[in-house]
Amino acid sequence: MSSTTNEAPIAPIPLSRKPPGEPSGEPSGTGGAGAPGAGKTACIRTFGCQMNVHDSDRMRRMIQDAGYAEVQRYEEADLVILNTCYVRENAVDRVRGHLGELSRLRREGRVKKVALTGCIGAAEESRSLQKTYNIDLVLGTHNTYELAEFVGLPTMRETYTPELPGTEGEHSAFVTIMTGCNYQCSYCIVPTVRGRMTCRPLESVVGEIEDLVAGGTRYVTLLGQTVDAWRHEGRRFCDLLEAVSEVAPRVWFTTSHPSNMEDRTLRAIGERETIVKRLHLPVQSGSDRMLRLMHRGYKADRYRRKISVFREAAPEGTLSTDIIVGHPGETEEDHEQTLRLVEDCEFDSAYIFKFSPRRGTEAADLPGVVPDAVVQRRFLEVLRGVEQNALRRNQRKVGKTEEIFVRHGATADGKAIGETWSGHAVHVDTDAAPGTYVRAAVQSAGPHVLYAQTVD
Ligand code: SAM
Ligand code: SF4
């Protein structure tokens, strides 16, 4: 099923980010008064996963380098970029809604240009959308750099590669270590829109992270569709993770595939101080029959075994997963097995998806479509199982004092959003800046979040 490596040895070229050790000031490459987009505005809307958030970061640099000012409302934008997700049909419906609104704003002369990028841009369907909504520019996931030309910059393919660091606020950064996917899961459109796996060299990843850390980054998330499938010149994901954990003050990674997850990596999560003890390992189903139909490449008991290694390595850690309900052919017995697996693994959280047929995938043409009402019931049953376990596990944290990394500063209600080293999301009463740590005692817990109060 998987996995050959297709290398892309392109060194990162920091652009708008201040190179470490340089005096602060206007970052090099950022558009000034003479830039092609000077005086113009652009709005970027991102749909979907962290990969898309990261892609939007790269596009943000392009528009900034071209001199555009970023705005948050369509009404104020000369150029609107919709960076999209194609994984489920409801994601496409949402984008259609936005495109409809943009057509109206364009007729009223408030928006001038619209670009559609990301996974929908890479799919067949983008052609009909382009016609229907008169979209000016459609880009897939492999030619995002062409946006540079569209906004008046020279096309510099090597300058805007996925290797560029993306930022999530000032103190956290996404770092793409691989793109694409070599699996062919029955239901999934990702291999079609993102292509086959390409892994970055270890030195390039570590070098980029050293630069980021020197520039103030405190939290690095390694990104890829199957990060743990990363391999390069005889080295495997755990080697990369260990190397990164030596240079980054805090590191997490997503998304992993159970077939690639090595015990060594699970143990490293427990042993290495700088790795957040949080594992996201999508299982999709608890039924071996469904896992085979989905071409996942593992059985439910193998997944359970991996989880027991993780729980032993990081007893306080958090575990999340993805589950699809209502894949064609899913019987009541298959569903029961998923509920059993949910009980056995005691997930701390889960993304539960109702199966959505994607044209061009194998599952879209499979017989045994599950009626909507049955899908809805199964969805709620899985959700209930996950939430009961999550609540029980979260409540064990009440009364404990934790070191919390502040991710987002306090909002109007005085609560900041942070994360424990065990990977729990926490609402905490502090005005500490994002990127810093506070100590706080957990007062109460819900199924999704802990509530804590700072202590001296
Ligand atoms: N690469 C990851 C893996 O294999 O676990 C997941 C990537 S995918 C973008 C995120 C999640 O979307 C999947 O784990 C799956 O649960 C869900 N998903 C993908 N295609 C779907 C579909 N056609 N219908 C419903 N859920 C889907
Ligand atoms: Fe690849 Fe994940 Fe999609 Fe499977 S679900 S094809 S592993 S991206």
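Reader: Helix 7 passes helix 8, but is the crossing left-handed or right-handed?
Author: Helices (H or I, at least four residues) and strands (E, at least two) are DSSP runs, numbered from the N terminus. If the near helix is turned clockwise from the far one by less than a right angle, a crossing is right-handed, and if anticlockwise, left-handed. For helix 7 and helix 8, it's left-handed.

Reader: Before we go on, what pLDDT do local features need here?
Author: Residues are numbered from 1 along each chain as its sequence is written, chains are lettered from A and ligands numbered from 1 in the order in which they are written, and side-chain values use heavy atoms, leaving out hydrogens and water. This is a predicted model, where totals for chains, interfaces and linings use all residues, side-chain atom pairs count only at pLDDT 80 or more, and local features need a pLDDT of at least 70.

Reader: Back to helix 7 and helix 8: are they roughly parallel or roughly antiparallel?
Author: Axes are lines fitted to C-alpha atoms, for helices over the stretch in contact, and angles run from 0 to 180 degrees between N-to-C directions. Angles under 35 degrees count as roughly parallel, over 145 as roughly antiparallel, 65 to 115 as roughly perpendicular and the rest as oblique. These two axes come within 9 Å and cross at roughly 15°. That makes helix 7 and helix 8 roughly parallel.

Reader: How many charged residues are in the contact of helix 7 with helix 8?
Author: Contact means heavy atoms within 4.5 Å, and by that rule Phe237, Cys238, Asp239, Leu241 and Glu242 in helix 7 meet Arg264, Thr265 and Ala268 in helix 8. For the classes, Ala, Val, Leu, Ile, Met, Phe, Trp, Tyr, Cys and Pro count as nonpolar, Asp, Glu, Lys and Arg as charged, and the others, Gly among them, as polar. The tally is four nonpolar, one polar and, for charged, three.

Reader: How are helix 6 and helix 7 oriented, roughly parallel or roughly perpendicular?
Author: Helix 6 (residues 202-214) packs with helix 7 (residues 237-247), their axes 10 Å apart, at an angle of about 20°. The two are therefore roughly parallel.

Reader: How many polar residues does the contact of helix 6 with helix 7 have?
Author: On the helix 6 side you'll find Leu202, Val205, Val206, Ile209, Glu210 and Val213, which meet Asp239, Leu240, Ala243, Val244 and Val247 in helix 7. Nine residues of this contact are nonpolar and two charged, and the polar count is zero: there are no polar residues.

Reader: Which strands stand at the edges of the five-stranded sheet?
Author: Two strands pair if DSSP finds at least two bridges between them. Here the sheet is open, with parallel pairing and the order 3-2-4-5-6. Each edge strand has a single partner, so one side is left without a neighbour in the sheet; these are strand 3 (69-70) and strand 6 (137-138).

Reader: What angle does helix 2 make with strand 4?
Author: Let's start with a pairing: strand 5 (residues 113-118) and strand 6 are parallel, over two bridges. Helix 2 (residues 89-107) packs on this sheet and touches strand 2 (41-46), strand 4 (79-84) and strand 5, and its direction makes an angle with that of strand 4 of about 170°.

Reader: And in the sheet with the order 15-16-17, what does the twist average from one strand to the next?
Author: It's an open sheet of three strands with parallel pairing. Strand 15 (278-280) and strand 17 (349-354) each have a single partner strand, so one side of each has no neighbour in the sheet. From one strand to the next, the twist averages 15°.

Reader: Which residue of strand 16 stands opposite His280?
Author: Strand 15 and strand 16 (residues 318-325) run parallel, joined by three bridges. Opposite His280 stands Ser320.

Reader: Where is Thr255, the residue after the cis peptide bond from Thr254?
Author: The bond from Thr254 to Thr255 is cis, with omega near 0°. Thr255 sits in the loop between strand 14 (251-254) and helix 8 (263-271).

Reader: What is phi of Asn134 near?
Author: Asn134 lies in the loop between helix 3 (126-133) and strand 6. Its phi is positive in a residue other than glycine, near 55°.
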